[in-house]
Amino acid sequence: MADRETAITAEAASNIAFVKYWGARDLERAIPENRSISMTLTRCRSICSARFEPGVASADEVLLAEDGAVAPAPAAFRARVVKHLDFLRATSGRFGRIRIATRNTFPAAAGIASSASGFAALTVAVTRCLGLSPDPSQLSGLARRSGSGSASRSVLGGFVEWPKGYTEEDCYATELAPAEAWDLRDVVVVVERGPKAVSSLDGHRLAATSPHYRARQALLGPRLAAVRRAIVDRDLEALGPVLEEEAIELHLIAMSSRPPVFYWRPATLTVLGAVRALRGDGVAAYATMDAGANVHVICEPACEPAVIERLGALPDVLEVIPDRVGGPPVWRPGTEL
Ligand code: PMV
């Protein structure tokens, strides 16, 4: 391709895992200990503009766009992004400066997998700028190398399983069913907006120190099979109890790691109790969580208004974000941020 400046803006949504990635065989390369299954969302998304200036030797620029203003990213985030840019540049065999500007439509680092959508959008935008045309499997493998394993799922839409295998070559995500297969909703109940105290990277690092870590691995085969089956059958009553078990086990492992990691807040328990009470009233809704205090409530469209109304009215709830299953990333030429 011609060696001229290229600019791309990509958008990718976050995802919520039904079976969790928690613990790695190789954390540096984000090769997970176990398979995970997730649903890609729609509203909770990241928008990333990338511009590639071939041959320019000066440092990459990494900007965060918030509230209409663009400012340099904090040093730790910048370092993580530049490491991924170096990897993608090396993959393309091209040399030059990259400018990145990124923003989220939801609170970052609060258990809504902003690293998944952020690094998925960034990987799509940067690979395109560098003249690469990866297929979905290759894109997933490249997004994984950001260090955010869940980003490898956010480059696909609908219902996604990761990985296919555990070597560098086959550690990518695949689609189990497209978004159109099952109109599932995820009411994200925000009880905490700030960044979490312990990153998921540190959580993964500590996971194997929990005495419950190996026991969970032994349970996962049948659980993965049950979730795959429930997606095919669109059977929320089969899916719901499994996704609740999974969320609780992730936090059980975090809380029993050495040193222990607590992501829950008192309001987290209030919301979990309210979800059980909703079920008692005949509303089919099930709770899951990532590495954070916020709760994702999975339900079908008919129950969504009751979930939003009841959980949105709880005194400790800051916000509810009604989200739903969605498609893969999109991209277009030009920068917007
Ligand atoms: O993608 P990471 O490295 O930020 O890990 C995410 C882990 C969880 O969100 C807690 C679970 C998952 O599978 O998404």
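Where is the place of A30? I looked there first and found A30 in the loop between β2 and β3 (31-32). My helices (DSSP runs of H or I, at least four residues) and strands (runs of E, at least two) are numbered from the N terminus.

**Ground rules**

I am working with a predicted model, where local features need pLDDT of at least 70 and side-chain atom pairs count only at pLDDT 80 or more, while totals for chains, interfaces and linings use all residues. Residues are numbered from 1 along each chain as its sequence is written, and side-chain values use heavy atoms, with hydrogens and water left out.

**Backbone oddities**

I started with the reminder that most residues other than glycine have a negative phi, and most peptide bonds are trans. A30 is not a glycine, yet its phi is positive, about 50°. I then checked its accessibility: A30 counts as buried because its relative accessibility is 0%. For me, buried means under 20% relative accessible area, exposed means over 50%, and partly exposed is in between (1.4 Å probe, protein chains only).

R234 also caught my eye, with a positive phi of about 50° although it is not a glycine. I found R234 in the loop between α6 and α7.

Next I went through the cis peptide bonds. One joins W162 and P163, with omega about -5°; P163 sits in the loop between β8 (159-162) and β9 (174-177). Another runs from R258 to P259, with omega near 0°, and P259 belongs to the loop between α7 and α8.

**Helices α6 and α7**

Two packed helices are described by the angle between their axes and the distance between the axes. I take axes as lines fitted to C-alpha atoms, for helices over the stretch in contact, with angles from 0 to 180 degrees between N-to-C directions.

How do the axes of α6 and α7 cross, and at roughly what angle? Helix α6 (residues 213-233) and helix α7 (residues 236-255) have axes that come within 10 Å and cross at roughly 155°. That makes the pair roughly antiparallel, given that angles over 145 degrees count as roughly antiparallel, under 35 as roughly parallel, 65 to 115 as roughly perpendicular and the rest as oblique. The crossing of α6 and α7 is left-handed; that is the name when the near helix is turned anticlockwise from the far one by less than a right angle, and right-handed is the name if clockwise.

I listed who touches whom, contact being heavy atoms within 4.5 Å. From α6 come Y213, R216, L219, L220, R223, A226, V227 and A230, and from α7 come A238, L239, V242, E245, E246, E249 and I253. These contact residues divide into ten nonpolar, no polar and five charged. I count Ala, Val, Leu, Ile, Met, Phe, Trp, Tyr, Cys and Pro as nonpolar, Asp, Glu, Lys and Arg as charged, and the others, Gly among them, as polar.

E246 deserved its own note, as a residue of helix α7. Is E246 buried or exposed? E246 is at 0% relative accessibility, so I put it down as buried. Leaving out residues up to four places away in sequence, E246 touches F18, V19, K20, R216, L220 and R223.

I also looked at helix α5 (residues 200-207), whose buried residues are G203, H204, L206 and A207. Their cover includes β2 (24-26), α6 and α7.

**Helices α8 and α9**

Helix α8 (residues 266-280) and helix α9 (residues 304-312) pack at an angle of about 140°, with axes 10 Å apart. The two are therefore oblique to each other, and their crossing is right-handed. In the contact, V271, A274, V275, A277 and L278 of α8 meet A306, V307, R310 and L311 of α9. I sorted the residues of this contact into eight nonpolar, no polar and one charged.

Which residues are buried in α9? They are E304, V307 and L311. Seen down the axis of α9, its buried residues fall within an arc of 60° and so line one face of the helix; the arc is that of the directions from the helix axis to the C-beta atoms. The face turned away carries the exposed residues P305 and E309. Covering the buried residues of α9 are, among others, β10 (185-190), α8, β11 (285-288), β12 (295-299) and β13 (319-324).

Last stop: P315, in the loop between α9 and β13. P315 counts as exposed because its relative accessibility is 75%.
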